[in-house]
Amino acid sequence: MRRFWLPLLALLLAHPLVAHGAVSPKRAAAARAEASALWAAGQRHYAAGELAEAVQSFRRGFALDGRPEFLYAMGQAERKRGNCDRAIVHFKDYLRLARKASQRAAARLQIQRCEALVPPEPPTPPTPAKPPTPPVAEPPSLVSSRPAVLASAPSPAVDPAPSPRPPRDDDVRPTARRRWYRDLWGGLLLGLGVGALGGGGALVGVGSAAVDPLAYPTYGAYDEALSSRRALRTAGVVSLAVGGALVVGSVIRYVVAGRR
């Protein structure tokens, strides 16, 4: 008998619920206090129209305390949010835990209100029966039904290919020549050449203008002005030469394009 009680006593003492207690009084009191704070926060959110936050507070409070009032409050918040399907679930859970008849009657009334707002699911249409597949008749054999006359019918005569003939003089038409003044490259060279000639002439004119020494306070400034005018004349002469070359090139291009 002693051998039987000793292992049983050791097992009971080793169980965590016996060794430490199912729930310590301090933890239970802290959980109830936190649940009460969450209940007050949920009521404030509900009054302010913050329904999602109210549902979150009530759900956390129910996880700590387990009072049915949290379920009813979650149902009311979800109903006001328009989530009647979720509200019905909360009201049904409250209906199973409520003790008073008046509380159960209030939950049934809320369930009826939500069920009137939830649209019923459309019935599933019946699957139409698949019509039977008609048997496919095999086509008659073409070899056996072909008349014997077709086998001996002569093949149609094929016309010989026409012999090619050399083209006559009146068949060859002269192609129209391209107009020389519409040549793109000739026009481009001419335009650049004319622009270079105009710019070079302007530079030569400005560089050849007389320089008044009295207009400059020092000789260095006067000498710098003379150097600038000489540089302008030199640039103008170069521009005139390039413009002349471009104009000559455009003339040559026009001549070549006109002969094509």
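## Exercises on cores, contacts and rings

In this predicted model, Leu71 touches Phe62, His90, Asp93, Tyr94 and Leu97, when residues up to four places away in sequence are not counted. The exercises below start from the surroundings of this residue.

**Exercise 1.** Find which residues make up the largest nonpolar core, and which helix gives the most to this core.

*Solution.* Begin with the members: Leu71 belongs to this core of 10 residues, together with Ala35, Ala54, Phe58, Phe70, Ala73, Met74, Tyr94, Ala98 and Ala107. Next, turn to the helices, where helix H4 (51-64) and helix H5 (68-81) each supply at least two residues of the core. Finally, H5 gives the most, with four residues. A second, separate core has six residues, among them Cys84, Ala87, Ile88 and Cys114.

**Exercise 2.** Decide whether Ser57 is buried or exposed, and list its contacts beyond its neighbours within four places in sequence.

*Solution.* First, locate Ser57, which has its place in helix H4. Then compare its relative accessibility of 9% with the cut-off: buried means under 20%, so Ser57 counts as buried. Last, leaving aside the neighbours within four places in sequence, Ser57 is in contact with Leu38, Ala41, Gly42 and His45.

**Exercise 3.** Classify the aromatic pair of Trp39 and Phe58, and state which helices hold the two residues.

*Solution.* The structure holds four aromatic pairs. For Trp39 and Phe58, the distance is 5.4 Å centre to centre and the angle between the planes is 45°, and the pair is tilted. Because Trp39 lies in helix H3 (residues 25-48) and Phe58 in helix H4, the pair ties together parts that are 19 residues apart in sequence. Trp39 is partly exposed, with a relative accessible area of 25%, whereas Phe58 counts as buried at 1% relative accessibility. Both residues also form one aromatic cluster with Phe70.

**Exercise 4.** Work out what kind of aromatic pair is formed by the rings of Tyr72 and Phe91.

*Solution.* The ring centres are 5.4 Å apart and the planes stand at 65°; planes over 60 degrees apart count as edge-to-face, so the pair is edge-to-face. Tyr72 is in helix H5 and Phe91 in helix H6 (residues 84-97), so that the pair links distant parts of the chain, 19 residues apart. As for burial, Tyr72 is partly exposed with a relative accessible area of 21%, and Phe91 is buried with 0%.

**Exercise 5.** Name the residues that make a nonpolar surface patch of about 460 Å².

*Solution.* The patch is made by Leu184, Trp185, Leu188 and Leu192. Of these, Trp185 has its place in helix H10 (residues 184-207), and at 53% relative accessibility Trp185 counts as exposed.

Notes
Residues are numbered from 1 along each chain as its sequence is written. This is a predicted model: local features need pLDDT of at least 70, side-chain atom pairs count only at pLDDT 80 or more; totals for chains, interfaces and linings use all residues. Side-chain values use heavy atoms; hydrogens and water are left out. A nonpolar core is a set of buried Ala, Val, Leu, Ile, Met, Phe, Trp, Tyr and Cys residues joined through side-chain atoms within 4.5 Å. Buried means under 20% relative accessible area, exposed over 50%, partly exposed in between (1.4 Å probe, protein chains only). Contact means heavy atoms within 4.5 Å. Patches are made of residues with over 30% relative accessible area and no salt bridge: like charges are joined within 9 Å, nonpolar side chains (Val, Leu, Ile, Met, Phe, Trp, Tyr) within 5 Å. Accessible areas come from the Shrake-Rupley method with a 1.4 Å probe; for residues, only the protein chains shown count as cover. A salt bridge is a side-chain nitrogen of Lys or Arg within 4 Å of a carboxyl oxygen of Asp or Glu. Rings of Phe, Tyr and Trp (its six-membered ring) pair if their centres lie within 6.5 Å; planes under 30 degrees apart count as stacked, over 60 as edge-to-face and the rest as tilted.
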